[in-house]
Amino acid sequence: EISVSPEGRHVAGGRARWSRNGAQYAICRGTRVDVVDAAGGPARGTFTGCTPAFRPDGMLTFARDGAIRLARFEGILVPRRELVRAARAHPNAPELPVDELRVLDLVWASHFEVVALIETRFRLGLPEFQTTVAGFRFGRLRWQHPYSVGYDRLVVSAGGDVLLEPAIRTQSPL
C-alpha cells in the first residue's frame, strides 16, 4: 500500500498520515511514531505510541497507554476512561472490566472532534474484540457506534464524512 500527500507530490507507506499541507507525514513503526519530512531527510521527531493523526491546525496526535495524546508535551487529549466509556456502550459489552483496549486508528473530523476506531476485549464474555467508532470533543465522549470486527482504518471524505475502511478494502458510511 502507498499513501499520497494531499497535494499529490509525495508518497509514503500506506499507513502514513499526512499533515494538511503535505510537508510532513507521521507513521507508526512498531511502538513509535516517526514524523518525517516529505522531501526526505531524517525523522523530525519520534514519539512512543502509535496511531498518528494530524489535527487540522497541524498538531500531531497519537495513541499510547489507552489514551489519545498531543505530541506537544505528550499531554493527554482524551483519557483512557473516556475510551473505555465508549467501548462499554457496545451492546455486546458485558458488565466486566476491560481486559484489552486498542486504538486502531484516529482521524480529525474537525478542529475540535477526534474520531477513534477502538477494539476492546473484556475479561469474560465473548472472546473476540468488540469494535466501536467514537467521536470525542474536548476530551469527552460525544457519540459512539458499535460495529462488528474487521475494520482497520478510518477515512475522512472531502465533505467531512468519516468512513470505515474494512480490512477487505471496501468502505461503509458512518
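User: In the hairpin that β7 and β8 form, which residue in the turn has a positive phi of about 100 degrees?
Analyst: This is a predicted model, in which local features need pLDDT of at least 70 and side-chain atom pairs count only at pLDDT 80 or more, while totals for chains, interfaces and linings use all residues. Residues are numbered from 1 along each chain as its sequence is written, and side-chain values use heavy atoms, with hydrogens and water left out. The strands β7 and β8 (a strand is a DSSP run of E with at least two residues, numbered from the N terminus) are separated by five residues. In the turn of this hairpin, the residue with the positive phi is Gly58.

User: Which residue in β8 does Ala53 stand opposite?
Analyst: The strands β7 and β8 run antiparallel and are joined by three bridges, and two strands count as paired if DSSP finds at least two bridges between them. Across this pairing, the residue of β8 that faces Ala53 is Thr61.

User: How many residues of β7 are buried?
Analyst: A residue is buried when its relative accessible area is under 20%, as found with a 1.4 Å probe on the protein chains only. Strand β7 is largely enclosed by the rest of the structure, because its buried residues make up most of its five. The number of buried residues in β7 is four.

User: Which strands stand at the edges, each with a single partner strand, in the sheet that holds β7?
Analyst: The sheet is open, has four strands and follows the order β7-β8-β9-β10 with antiparallel pairing. Each edge strand has a single partner, so one of its sides is left without a neighbour in the sheet. These edge strands are β7 (50-54) and β10 (76-78).

User: Which residue in β10 stands opposite Ile68?
Analyst: Strand β9, which covers residues 67-70, pairs with β10 in the antiparallel sense over two bridges. The residue of β10 that stands opposite Ile68 is Val78.

User: In the sheet with the order β11-β12-β13-β14, how is the pairing described, parallel or antiparallel?
Analyst: This open sheet has four strands. Its edge strands are β11 and β14 (140-147), each with a single partner, so one side of each has no neighbour in the sheet. Strand β12 (residues 113-122) and strand β13 (residues 130-137) are joined by eight bridges, and Val115 stands opposite Gly135 in β13. The pairing in this sheet is antiparallel.

User: What is the volume of the largest pocket?
Analyst: A pocket is an open set of points on a 1 Å grid over the protein atoms alone, where a 1.4 Å probe fits and protein lies on both sides within 12 Å along at least five of seven lines; lining residues have an atom within 4 Å of a point. The volume, which is the space filled by probe spheres set on the points, is about 580 Å³.

User: Which residues that line the largest pocket are the closest to its centre?
Analyst: The lining of the largest pocket has 21 residues. Elements that give two or more residues to this lining include β1 (2-4), β3 (17-18) and β15 (151-156). The residues closest to the centre are Arg17, Trp18, Phe54, Trp108 and Val156.

User: Which element gives the largest share of the lining of the second largest pocket?
Analyst: The second largest pocket holds about 180 Å³ of space, and among its 13 lining residues Cys50, Ala63, Arg64, Asp65 and Gly66 lie nearest the centre. Two or more lining residues come from each of β7, β8 (60-64) and β11. The largest share, three residues, comes from β11.

Definitions and conventions. Buried means under 20% relative accessible area, exposed over 50%, partly exposed in between (1.4 Å probe, protein chains only).
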